[in-house]
Structures are given as structure tokens and as C-alpha cells.
Amino acid sequence: MAAIAVFLIAEAIPALQANNSSFLTELLWTPNNTPPVFGIGALAFGTIMSSALALAMAMPVAVGVALFISHYAPRKIAGALGYVVDLLAAVPSVVYGLWGVIFLVPFMQGPSEFLNEYLGWFPLFSGDPVVGRSMLTAAIVLAIMILPIIAAISREVFLQVPRMNEEAALALGATRWEMIKMAVLPFGRPGVMSAAMLGLGRAMGETIAVALIFPATFGITFGILGPNGNSIAANIALGFAEAGEVGRGALIASGLVLFIITLVVNMAARMIIARRSGASA
Amino acid sequence: MAKQIQVSGLDAYYGAHKAIADISMTIEPRSVTAFIGPSGCGKSTFLRTLNRMHEVIPGARVEGKVMLDSDDLYGPGVDPVSVRRTIGMVFQRPNPFPTMSIYENVAAGLRLNGRISKSKTDEVVEQSLRGANLWNEVKDRLNKPGAGLSGGQQQRLCIARCIAVKPQVLLMDEPCSALDPISTLAIEDLITELKDEFTIVIVTHNMQQAARVSDRTAFFNLAAQGQPGRLVEMDETSAMFTNPSEKATEDYITGRFG
């Protein structure tokens, strides 16, 4: 880890020195111009925004699927479903990306206009024009990509709930759902949170699927239906081949920022889990 | 607050395996009934049929009749969830909810019956912990995790959690088998106190314990491995331990087998 960090910093410094703008707040990314102007602002925003949206969409579904497999489905169906979920986790991301571009982008045009028309008062759904190739579409693809991994880990955690705790709840006269709220979810919470962080990490680092979908603009807008969006990883993938010397350094600097963001997210997650389990164990 | 249980012709199965066969008995209210017998004879299985916990295991089912006063527990349209609210259960190993405090553990069952006020909850929690002879030991640390108590205290916490929902009957499945002698004594004293209010059924491997705490004793046995367990005889505890009518009971009680 330290070696990677040192490498990134060493490669990034010359480009950062050549920069004609503030790296942290500048939105534009034109490191190959003279003079070079580039900043991480829009890219970092897009990365965090798309990943957070993806996580918000994937979490309820993933936990629901995991609970269904672990506590509701008959054994045969549970086995088959668990297998399908594991299989989904193994699909290469480029396949998701292509599916997103070819199917989801045209498909999302209608629902996006619907959201914009009826829920446009809500900042996320506001803005004009509305397109299929939007932040929302990218986030949906990311959500589908991270869903299997979150579901698979959550399922394992839920299956580890001691039988005697479940029986204690049932013997008190809990229904199955009450038993889950009383015994399964509290026991599984730290594990589910780590699953979520793993999913979030994967969403933030995802490159090719979002590179195919993002319109690759450089701006910060909260409307997720418009032709906006980009991410650090996608920008590196798209820009690296044609980058000059400063451009490469700039991209490496952006990689360093991604590295720091994921590190911070992971540490925050660890702290939350440690505090929760410290309070209750 | 205590009801009679009447069982007639009860069979219980695990999938195709018949675990207990043709059991009929009457369990009197406000008394302690002990189930004894060698391992695998179906006494725990039978106990779990009394509050419909048996069917929680996949493939398990029951045939026969269990009446709680005039209610048929296995009647059509009877919700097992409501049966379990009337007939509480304490398990072999203490099983407080690991993520909950002492207070929350006791209040857990109460909260299933919908919202109740904080003051009412406080009142029932204190009452239940006093009822389980645990109040004085934990009153200063109600918000500490239940898992931090000793084994014997945890088991009394489970009893408190159970009596907080005011059941008619208390089923105990070897409640002292994981405890040391002093904790065992505390639980036995508690059982003797609780029988004024509840119908209590206790499964035990400890013959002295059955003799100490119970009013009536039922002896279960199985003819051979793989055969279903049956009720051999049931009588006043004093009679069972001094002058049993069946040879098998005498052999078991005097330690000749099992």
C-alpha cells in the first residue's frame, strides 16, 4: 500500500506543479492544453455521487434478497437462488457496461422523463434536458453490479445467526418478521455494513462499465437525469491513451485522490462497526 | 394465570422418523411437572410440541391433540405465534439476545404486543426481574449487555424475559444443565416460587432435581434405538421415587441404566 502511494505521489508531483489552477477545486480537465488546467472537483463529485446512488439503490434489494434466501425461501429455491446470485457476481463488468449502453440507456429515456415531470420539484430529478445517458443510468448499472456481492455476504452473515437466538424470539411469540428484526438483523448489522462498504468500494473503483455510459462532462450538477456525469476511474480509462506527459501525471494524481477516498470510506466504515459492536458486546 | 394442559394420543415426527408415539397426560395448573428419561427418549421433543416450537424445525410435524383448558392448540386456524405467547419457553443454554441490554432483553417480548408506554415498560421490567430473583443483582446496570452476566444470571434473565409477557404456562428444557450447582439452586428456588403463578413443566436429566422441585413426574423411555419414545408412567413425584409401578422406572431412577 505504502509503495503504491509513494509511486502515485512521485508521478503526480510534476504535473501538479505545472497546473495552472487549483487541483482540488477546479472542475475542468484540460491537462494537455498550454497552459494545463485541471482539477479533481467534478470527477470526485461524480465518483461519490454515482457510487452513493448505486449503494442506496442496491442495499435494500440486496438485504431483501439475502433475507429471502436465508430465512424465507424453501431449501431448494434458496439453493438455486443463492447460486444465481453468486453467478451474477462473476459477470465481467464490461458486460454490464455494454448492457447498460445498448439496452438501459434507450430504455431509461421514458422513466427519466416521467420522474422529471412528476418529481421534478425534488433536486435530484430536476433539470433540463432529460436523457437516457445520465448519472442515474450509470448508478443503476453500478447498483446491479454491486448487488450480488452485498447479497452474498449478507446471506452468509444472516445464516450465522445462532439458532438459539432465533428460537428465543420465536418462543416469545414473535412472527417470522419480528424474529428477524429481533434476532437476525441486530446480529448481522456489522457484517451487512462491511458488505455495503465492500460494495461501495467496488462501485467507486469501477471503470469500464461507467466509462461506457457516462457522457464524460466536467461539471457539478445535482440533477441526475441530465447529460452529466463522470468519474475518476472512467476519466483515467478514457484519457490515458492520448495523454501527454502532464496529462499522465494529472491522471495519476486523480488516481491518488480515488485511492484516498476509498481509504477514508473504509476507515469510516471500520470505525462505525467498531463503535457499534463495542457498545453492544 | 395458570391453565391445565391435556394431551391425548400425541405423535411427533421429524420428516419420516417418528420421535414420540401416543402420549397422553394431564399437566395440572400451579404445579411443577418434571419429565425424566434417558437421552433421545423424546422428552424435549414432547415439551416443544406443547407450545408448537416443534414445527419450527423443517420437516417436523405433530399428530394428536393438546388442549390448554378448553383451547385446542393444534385446532384449525390456531396461530402458533399466539400459542407461544401463552406458553413461554426457557431453553437448555441461556440465550439472551446478544445485541440487547438487560433491560431490552426483558422488554423484547412486551414490545411484540405493540407500543406500550415507557413507564409501563419500566414497571413490567422491574416486576419481571424481581420475579426472576435477579433485580437486586442487575438494577444498577440495566443498560449493560445481557451477555455480560454469568451463566446462571443469564438463565434467570431468560426466565424474566419469559414471564414478562405473562404466559399461562412455563416450559423449561433442562434449564440448569449448563449451570454450576449454586446457580442451579437459585433456579430451583425460583421454580418453586413461580409455581404459585404458573403451570410449570421442566425437562431434567438430574433425578435429584426432579425430586426436589416437582409435584408430579413423568418417565419417558424408548423400546430400542430408532423406536419412538413413549410415556412409561406418570405419578406424584413422591410415589415415583419411592414406589414406582413400572420396573423400567425403578431401574432408571436407581441408576441401573440411562
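The points below concern a predicted model and address chain A as a whole, then one surface patch on chain B.

1. Secondary structure of chain A. The chain comprises 10 helices and 2 strands. Read from the N terminus, its elements follow the order α-β-β-α-α-α-α-α-α-α-α-α. The two strands thus stand in succession after an opening helix, and helices make up the remainder of the order.

2. Dimensions and burial of chain A. Taken along the principal axes, the box filled by the C-alpha atoms of chain A is roughly 75 × 45 × 35 Å. Chain A has 281 residues, of which 48% count as buried.

3. Contacts within chain A. Among contacts with a separation of 6 or more, 72% involve residues 24 or more positions apart.

4. Surface and charge of chain A. Its accessible surface amounts to about 13300 Å², and carbon and sulfur atoms contribute 71% of that area. The chain carries 13 positive and 13 negative side chains. The centres of these two sets are 15 Å apart.

5. A negative patch on chain B. Asp189(B), Glu193(B), Asp196(B) and Glu197(B) together form a negative patch on the surface. One of these residues, Asp196(B), is located in the loop that joins helix H7 (181-194) to strand E8 (199-203) of chain B.

6. Exposure of Asp196(B). Is this member of the patch, Asp196(B), buried or exposed? Its relative accessible area is 55%, so Asp196(B) counts as exposed, the cut-off for that class being over 50%.

Notes. Residues are numbered from 1 along each chain as its sequence is written. Chains are lettered from A and ligands numbered from 1 in the order in which they are written. This is a predicted model: local features need pLDDT of at least 70, side-chain atom pairs count only at pLDDT 80 or more; totals for chains, interfaces and linings use all residues. Side-chain values use heavy atoms; hydrogens and water are left out. Patches are made of residues with over 30% relative accessible area and no salt bridge: like charges are joined within 9 Å, nonpolar side chains (Val, Leu, Ile, Met, Phe, Trp, Tyr) within 5 Å. Accessible areas come from the Shrake-Rupley method with a 1.4 Å probe; for residues, only the protein chains shown count as cover. A salt bridge is a side-chain nitrogen of Lys or Arg within 4 Å of a carboxyl oxygen of Asp or Glu. Lys and Arg count as positive and Asp and Glu as negative; His and the chain ends are not counted. The place of a charge is taken as NZ of Lys, CZ of Arg, CG of Asp or CD of Glu. Helices (H or I, at least four residues) and strands (E, at least two) are DSSP runs, numbered from the N terminus. Buried means under 20% relative accessible area, exposed over 50%, partly exposed in between (1.4 Å probe, protein chains only). Contact means heavy atoms within 4.5 Å.
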